[in-house]
Amino acid sequence: MKPKQTEQNTEQKIKEAAKKVFLERGFDGAKLRHIAEESQTTMAMVNYYFRSKEQLFQSIFLETIGSFLGRIIFILNEEVPLEIKVWKVVDNYTDFLHANPHVPVFVLSELQKDSSEVFEKLNVKGMIETAYFTKQLQIEGEKGTIRKVKPLQLIVTMLGSLIFPFMAKPIVSYIGDMDNTAYQAFLDERKVIVFETIMAYLKPV
């Protein structure tokens, strides 16, 4: 294996290990030794490739929140009927969160800190304001096919309904006496409930 390729593999190995550690422990709880142990390297190698924990965290956090928001932005920009779009958001986001259960807790806890720089780098406000979904809601609202609604209100309502079961999984599973199989069935049922709730809200009044 060529030295450059070996370096790239080592760097990626450290990055993947760091993502796992940060997702499980957060920035404050993660130590460089945890990352070195998880990546089966050394603290010196972690520092060599990423200089500091802060720099490594910034890289991981931007990637994570990018994937967290990127999926919904992609769907919001699809030129498909509103009903199909709402279902795709609910279906895809539920599956994404189920496959990445640490992501919502990690992202939301870190966003409690000053995250304005992160939002500016990702251009979150601009992506939502210029999304086809925003224009679509305005057009359909003017035509009277749906009620007039603020896009941000609808997005927050959808995401809140989808994220909460993952944030509260321990207590939800306990109250419902659910193992992993039963919890998956619960999530599948919630997809339909959230979708129907959103569509009922959008009906013209």
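## A chat about an all-helix model

Me: Hi! What order do the elements run in, from the N terminus on?
Reply: Starting at the N terminus, the elements of the protein go α-α-α-α-α-α-α-α-α-α-α-α. Keep in mind that this is a predicted model.

Me: And how many helices and strands is that?
Reply: The protein has 12 helices and 0 strands.

Me: What box do the C-alpha atoms fill?
Reply: Taken along the principal axes, the box is roughly 65 × 45 × 35 Å.

Me: How many of the residues count as buried?
Reply: The protein has 205 residues, and 40% of them count as buried.

Me: Okay, helix packing. How do people describe two packed helices?
Reply: They use the angle between the two axes and the distance between those axes.

Me: So what are those values for H4 and H5?
Reply: H4 covers residues 53-76 and H5 covers residues 82-99. They pack at an angle of about 160°, and their axes are 9 Å apart.

Me: Are they roughly parallel or roughly antiparallel?
Reply: Roughly antiparallel, because angles over 145 degrees are counted that way. The crossing of H4 and H5 is right-handed.

Me: Which residues meet there?
Reply: From H4 you have Ser67, Phe68, Leu69, Arg71, Ile72, Ile75 and Leu76. Their partners in H5 are Lys85, Lys88, Val89, Asn92, Tyr93, Phe96 and Leu97. The residues of this contact of H4 with H5 split into 9 nonpolar, 2 polar and 3 charged.

Me: Cool. What about H5 and H10, how do their axes cross?
Reply: H10 spans residues 151-167, and its axis comes within 10 Å of that of H5, crossing at roughly 25°. Angles under 35 degrees count as roughly parallel, so H5 and H10 are described as roughly parallel to each other. H5 passes H10 in a right-handed crossing.

Me: Who makes that contact?
Reply: On the H5 side, Val86, Val89, Val90, Tyr93, Thr94, Leu97 and His98. On the H10 side, Met158, Leu159, Leu162, Ile163 and Phe166. The residues of this contact of H5 with H10 are 10 nonpolar, 2 polar and no charged.

Me: New topic! What does UniProt list for residues 31-50?
Reply: An unreviewed UniProt entry lists those residues as "DNA-binding region". In the model, the span 31-50 is 80% helix and 0% strand, and its end C-alpha atoms lie 14 Å apart.

Me: Where does arginine 51 sit?
Reply: Arginine 51 is in the loop between helix H3 (43-50) and H4. Its phi is near 70°, which is a positive value in a residue other than glycine.

Me: Is arginine 51 buried or exposed?
Reply: Exposed, because its relative accessibility is 60% and the cut-off for exposed is over 50%.

Me: Which loop holds aspartate 177?
Reply: The loop between helix H11 (169-175) and helix H12 (180-202). Aspartate 177 also has a positive phi, about 50°, although it is not a glycine. At 71% relative accessibility, aspartate 177 counts as exposed.

Me: Last one: valine 21. Where is it, and is it buried or exposed?
Reply: Valine 21 is in helix H1 (residues 3-29). It is buried, because its relative accessible area is 5% and buried means under 20%.

Me: What does valine 21 touch?
Reply: Leaving out residues up to four places away in sequence, valine 21 touches Gly26, Ala30, His34, Ile35 and Glu38.

Conventions: Residues are numbered from 1 along each chain as its sequence is written. This is a predicted model: local features need pLDDT of at least 70, side-chain atom pairs count only at pLDDT 80 or more; totals for chains, interfaces and linings use all residues. Side-chain values use heavy atoms; hydrogens and water are left out. Axes are lines fitted to C-alpha atoms, for helices over the stretch in contact, and angles run from 0 to 180 degrees between N-to-C directions. Helices (H or I, at least four residues) and strands (E, at least two) are DSSP runs, numbered from the N terminus. Angles under 35 degrees count as roughly parallel, over 145 as roughly antiparallel, 65 to 115 as roughly perpendicular and the rest as oblique. A crossing is left-handed if the near helix is turned anticlockwise from the far one by less than a right angle, and right-handed if clockwise. Contact means heavy atoms within 4.5 Å. Ala, Val, Leu, Ile, Met, Phe, Trp, Tyr, Cys and Pro count as nonpolar, Asp, Glu, Lys and Arg as charged, and the others, Gly among them, as polar. UniProt positions are given in the numbering used here, feature names are shortened, and annotations may be inferred rather than shown by experiment. Buried means under 20% relative accessible area, exposed over 50%, partly exposed in between (1.4 Å probe, protein chains only).
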